[in-house]
Amino acid sequence: MPQLASWIRESDQENFSRFLDRSPEITLHNARVEPVDLQEIDGLLVTGGPDISAEFLAQTPIDPALIHDPEPLRDAWEFEAIKSAYERGLPILAICKGVQALNVALGGTLLLDIRGHDRPEMRMVNCQPLRHTATARHRFESVNSSHHQAIDRLASPLEIEAWHAEDGIIEQVRIRKYPWGLGVQYHPERDTTAGSLFDDFLAQLKR
């Protein structure tokens with residue numbers, strides 16, 4: 001049976017279960033509640049959460065006041081998991097904080113505070129318009145995307161697939177020359193219309 005590794009907050013479990021339950025043959029290992037052997041997994045899901053701890057950011061200067069509620073233990077696990085999965089060419093889906101961690105782990109940097117992307121209505125309503133490249137694998141006209149940090153300098157292994165139509169904030173990337181790796185700043189787990197993205201990711205695990 002395919003083995004999927006992740007670190008999922010208790011508050012997010014229900015949202016992700018809506019999509020993961022479609023594939024009961026895939027076993028989810030949540031590192032928040034159990035040890036995970038990264039050499040035994042077949043795919044990695046990197047989910048949303050608080051800001052990445054400053055010690056993992058390869059950029060200066062860093063104002064500590066801009067780092068909100070970091071979880072160093074979680075960060076250590078996720079950076080190790082990203083490195084291991086990337087080196088093995090495993091399917092990777094990274095969401096919100098996850099795409100930020102993916103970018104940093106592969107050599108990129110972050111905008112540590114941006115305005116206008118963390119209003120309450122943005123958490124659940126698809127109100128932020130996107131523009132896409134012609135080669136984007138998944139295309140959503142508008143998305144829910146609530147955050148105060150985002151990708152700044154793009155890591156060299158990544159390629160932009162979508163960005164905010166009004167201010168250019170990067171919202172979707174893929175790992176180039178890689179079997180299957182996608183990162184999104186928005187939250188597809190909160191939107192049932194984004195099922196095709198999860199179906200695509202889970203199909204890679206089943207292979």
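Helices (H or I, at least four residues) and strands (E, at least two) are DSSP runs, numbered from the N terminus. The structure described with these terms is a predicted model, in which local features need pLDDT of at least 70 and side-chain atom pairs count only at pLDDT 80 or more, while totals for chains, interfaces and linings use all residues. Residues are numbered from 1 along each chain as its sequence is written, and side-chain values use heavy atoms, with hydrogens and water left out.

A walk through the model can start in the loop between β3 and α2, where D69 has its place. Although D69 is not a glycine, its phi is positive, at about 50 degrees. With a relative accessibility of 64%, D69 counts as exposed, on a scale where buried means under 20% relative accessible area, exposed over 50%, and partly exposed in between (1.4 Å probe, protein chains only). The loop between β3 (43–46) and α2 is also the place of P61, and the peptide bond that leads from T60 to P61 is cis, with omega near -5 degrees.

A positive phi is found again at C96, which is not a glycine and has a value of about 55 degrees. C96 sits in the loop between β4 (92–95) and α3, and at 6% relative accessibility C96 counts as buried.

The next topic is charged side chains. A salt bridge is a side-chain nitrogen of Lys or Arg within 4 Å of a carboxyl oxygen of Asp or Glu, and the structure holds 10 salt bridges. In one of them E78 meets R74, with the closest N and O atoms 2.9 Å apart, and both E78 and R74 are buried. These two residues stand about one helical turn from each other, because they are 4 residues apart in helix α2 (residues 72–88). A salt bridge also joins K97 to D75, where the closest N and O atoms are 2.6 Å apart. Since K97 lies in helix α3 (residues 97–105) and D75 in helix α2, this pair ties together parts that are 22 residues apart in sequence. K97 and D75 are both buried.

Between strands, the side chains of R174 and E161 meet in a salt bridge at 3.4 Å, N to O. R174 lies in strand β10 (residues 170–175) and E161 in strand β9 (residues 158–164), so the pair ties together parts that are 13 residues apart in sequence. R174 is buried with a relative accessible area of 16%, and E161 is buried with 0%. Returning to the helices, R74, D75, E78 and K97 are joined into one network by salt bridges that share partners.

Aromatic rings are the last topic. Rings of Phe, Tyr and Trp (its six-membered ring) pair if their centres lie within 6.5 Å, and planes under 30 degrees apart count as stacked, over 60 as edge-to-face and the rest as tilted. By this rule the count comes to 7 aromatic pairs. W7 and W77 form a tilted pair, 6.2 Å centre to centre with 50 degrees between the planes. This pair links distant parts of the chain, 70 residues apart, with W7 in the loop between β1 (3–6) and α1 (13–20) and W77 in helix α2. Both W7 and W77 are buried. F140 and Y186 form an edge-to-face pair, 6.0 Å centre to centre with 75 degrees between the planes. Finally, F16, F19 and F198 form one aromatic cluster.
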